[in-house]
Amino acid sequence: MLIVAAGIITLSLSAMALQYRITAQALEARQAEVLAADLTGFAQFYEQRRIPGLREAIEARAAVTPPDAALYLLQDRNGTTLAGNLPAWPEGLTKAGEMFAPLPAQDINLPGGQYRGVARDLPGGFPLLAARSQAPVTQTLADLRGTILWVAAGLSALALVAGWLVARAVVGRIHRVNTLADRVAEGDLSARLPDPRGSDEFGALETHFNAMLDRIEALNRATHRLSDNIAHELRTPLNRIRQRLDRIEGQDEAVAAIRADMAGTIRIFDSLLDISGAEAASGQRPGLVPLNLSEIAAEVFELYEPLAEDKGLAASAAIAPDAMILGERNLIAQLVSNLLDNAIKYCAPGDAVSLTLTVDGDRHVLSLADTGPGMPEDIRATMFDRFTRSARDRETSGHGLGLALVQAIATRHGAKLTLPSSDKGFRIDIAWPKLPRS
Amino acid sequence: MTTPQTRILIVEDDPVAADALAAAVRDLDCDPVVMRSYEDGLKAAGLAEFRVIVFDRMLPGGDGIDAIAKIRAAGSSALVLVVSALGRASNKIEGLEKGADDYLAKPFDAEELRARLRALLRRHDMAVLDNDLITFGPLQIRTKARTVHVRNQHIPVSPKEFELITYFARNAGETVTRMQLLENVWNLHFDPQTNVVDVHVGRLRRKLEQAAGHPVIHTDRGVGYVFDPQKDHAE
């Protein structure tokens, strides 16, 4: 905005500078014309009666010309003044040119002022000086400069004020839209711009923004309704099967197997719905509360520690206290649980599993490392996709949803997930944004 | 503990689920009253005295969760168990936050349902029984000091193990499911892939058995555990 104002001011100043130069040139040309007219007049007198005629002409001219406006001087070959308004030939003034030609002209600086004119010897050694004062020119130009200065100052002030006003109006309206976008990004899908005003482009933009948000909100609601409906429509018949299973007698093993399969099925679609739910809520503030990540990590570690011990693993935790974040407790517990569960599942007796929580700049870094077999090469690229399982792990139970859920939960909390390479085993770092101090 | 007059209201539109719920209620020697819609359920809750109300969620006419506040506002002291196909962790947490006393996801096991109903019926009885000392013969649990003693011998337990034994003690003699333990002792509302709870119960069980000389926590196969220090040593 300032650049535009500066540009306009520069342009105006350039125009005025051009005007100034044209004026200066015109004034100088005018002075030169007056001088040329004088010289033409003198030339005519000289032609008729030579030096005496010229002497009379100069006397007459000097008499009618206001003092300081022009210099006239005619001398004889001894340096005696014949006519003119100068007492003596100015010191150091050189002579150039022929007869009464207006050129070459030269600047003559006298204590009384600045003049421009011709100085030369007429035939027979009669020095002639005729010059016009530059005072009117310099005076006019000085006035003009003053005017230009004031106009420029006024113009700059005007441009700045106008620019600021326009900028404030434009920036203000853009700010409205930006504020709205921020609120939406924070998860408030119901945020709207109040009374979209005007029929200009900004009004249209605001109307479009509101319409777009209406659409997003409707889609979001439909998605939520859809997952609720999926859950309801699938679980209700599954529930009937389960209740009917309970009435079957004498085939306990088959019934137990069917129950286990059903539980597995439900776990899969719960995980899928959890993943898409966490993804849909990504970056949204609502539902997140201040939490002590250290406590949750410690609790879940404590839940898994005996399991690791029983399996002959060396489990250790180094958790920095009171790492506060904005989060959903159950989701975070599930994330830590999935990581520990995986580590314990894939490690062999003698391996080590460690959970650490450290503070790194504006993030709390939760990392889980083990000395197990590590992530198989065949799924390194797709390990966070749903249903990714390595050929190596066909024998181990699971559906390849654990890490997909870990990533979805991390993303929902604005946490960054990285996999630092380690010599042995698997390591994952999750950097959580710190709770902003209120 | 319960009398045949103890009434439990069931608000459930799916007939098979309603039958299963009613059967479980009868197993507990209580009277089931079944309603099929949100409005009827709400009306019934205001008309009679119920110990427990089992509410479905996606009912014709409304969501059972929204009924809880209305039932409470009407002065009912009934405990509310939500049984719903909306069974994800986030749904459960939402339900508990909105005042449900317990939340069970469909499909449910009959045993799990009975365990939950029993726990609620007991909670009704136990509300005042909040002393410092819980005693089962030689076994003593001091809730303020958070210590466990058998025949005056101190048994070292971790803080979590203490919470575990306290929860068991409050439900002594009844089956407690793994899911109930995970929810009440660990405050976790998801299903871990591994049975982590078993390991913790196993450790506590060994400690208590060593000190008492006989099993204190018994396994109810496929369902959960029963804490019963005075049970015969048959197992």
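Which residue of β4(B) is the bridge partner of B:F55? Select B:F55 and then B:V82 in β4(B), since the partner is B:V82.

**Before starting**

This is a predicted model, in which local features need pLDDT of at least 70, side-chain atom pairs count only at pLDDT 80 or more, and totals for chains, interfaces and linings use all residues. Residues are numbered from 1 along each chain as its sequence is written, while chains are lettered from A and ligands numbered from 1 in the order in which they are written.

**Stop 1: strand β4 of chain B**

Select residues 79-84 of chain B, which form strand β4. Strands here are DSSP runs of E with at least two residues, and helices are runs of H or I with at least four residues, both numbered from the N terminus. Six of the six residues of β4(B) are buried, so the strand is largely enclosed by the rest of the structure. A residue is termed buried if 20 or more other C-beta atoms lie within 10 Å of its own, exposed if 12 or fewer do, and partly exposed in between, with C-beta atoms placed from the backbone. Display the side chains next: B:L79, B:L81 and B:V83 point one way, whereas B:V80, B:V82 and B:S84 point the other way.

**Stop 2: the neighbours of β4**

Add strand β3 (residues 52-55) of chain B, which runs parallel to β4(B) and is joined to it by four bridges. Two strands pair if DSSP finds at least two bridges between them. Then add strand β5 (residues 102-105) of chain B; four bridges join it to β4(B), again in parallel. Here B:V83 stands opposite B:L104.

Now include the helices. β3(B), helix α3 (residues 64-73) and β4(B) make a right-handed β-α-β unit. Right-handed signifies that, with the strands pointing away from the viewer, the path from the first strand over the helix to the second runs clockwise. β4(B), helix α4 (residues 89-97) of chain B and β5(B) also make a right-handed β-α-β unit.

**Stop 3: the whole sheet**

Select five strands of chain B, which form an open, parallel sheet in the order β2-β1-β3-β4-β5. The edge strands are β2 (31-35) and β5, each pairing on one side only. On average, neighbouring strands are turned by 20° against each other, direction ignored. Strand β1 (residues 7-11) of chain B and β2(B) pair in the parallel sense over five bridges, and B:I10 stands opposite B:V34 in β2(B). Helix α3(B) packs on the sheet, touching β1, β3 and β4 of chain B, and its direction makes about 170° with that of β4(B). Such angles run from 0 to 180 degrees between N-to-C directions, with axes fitted to C-alpha atoms, for helices over the stretch in contact.

**Stop 4: the nonpolar core**

Select A:L340, B:V52, B:I53, B:V54, B:V80 and B:L81; of the 119 residues in the largest nonpolar core, these touch the most other members. Such a core is a set of buried Ala, Val, Leu, Ile, Met, Phe, Trp, Tyr and Cys residues joined through C-beta atoms within 7 Å. Helix α6 (residues 329-346) of chain A gives the most to this core, with ten residues. Centre the view on B:I53: leaving aside its neighbours within four places in sequence, B:I53 is in contact with B:L9, B:A45, B:I71, B:A78 and B:V80. Contact requires C-beta atoms, placed from the backbone, within 7 Å.

**Stop 5: where the chains meet**

How many residues of chain B are in contact with chain A? There are 30, and they touch 30 residues of chain A. The elements giving two or more residues to this side of chain B are α1 (15-27), α4 and α8 (196-212). Of these, α8(B) gives the most, with four residues.

**Stop 6: unusual backbone**

Select B:P107, in the loop between β5 and α5 (110-126) of chain B. The peptide bond from B:K106 to B:P107 is cis, with omega near -5°.

Go next to B:R146, in the loop between β7 (139-142) and β8 (147-150) of chain B. B:R146 has a positive phi of about 55° although it is not a glycine. Is B:R146 buried or exposed? B:R146 is exposed, with 12 other C-beta atoms within 10 Å.

Finish at A:D322, in the loop between β7 (314-319) and β8 (324-327) of chain A. A:D322 is not a glycine, yet has a positive phi of about 55°. With 11 other C-beta atoms within 10 Å, A:D322 is exposed.

Conventions: Two residues are in contact if their C-beta atoms, placed from the backbone, lie within 7 Å.
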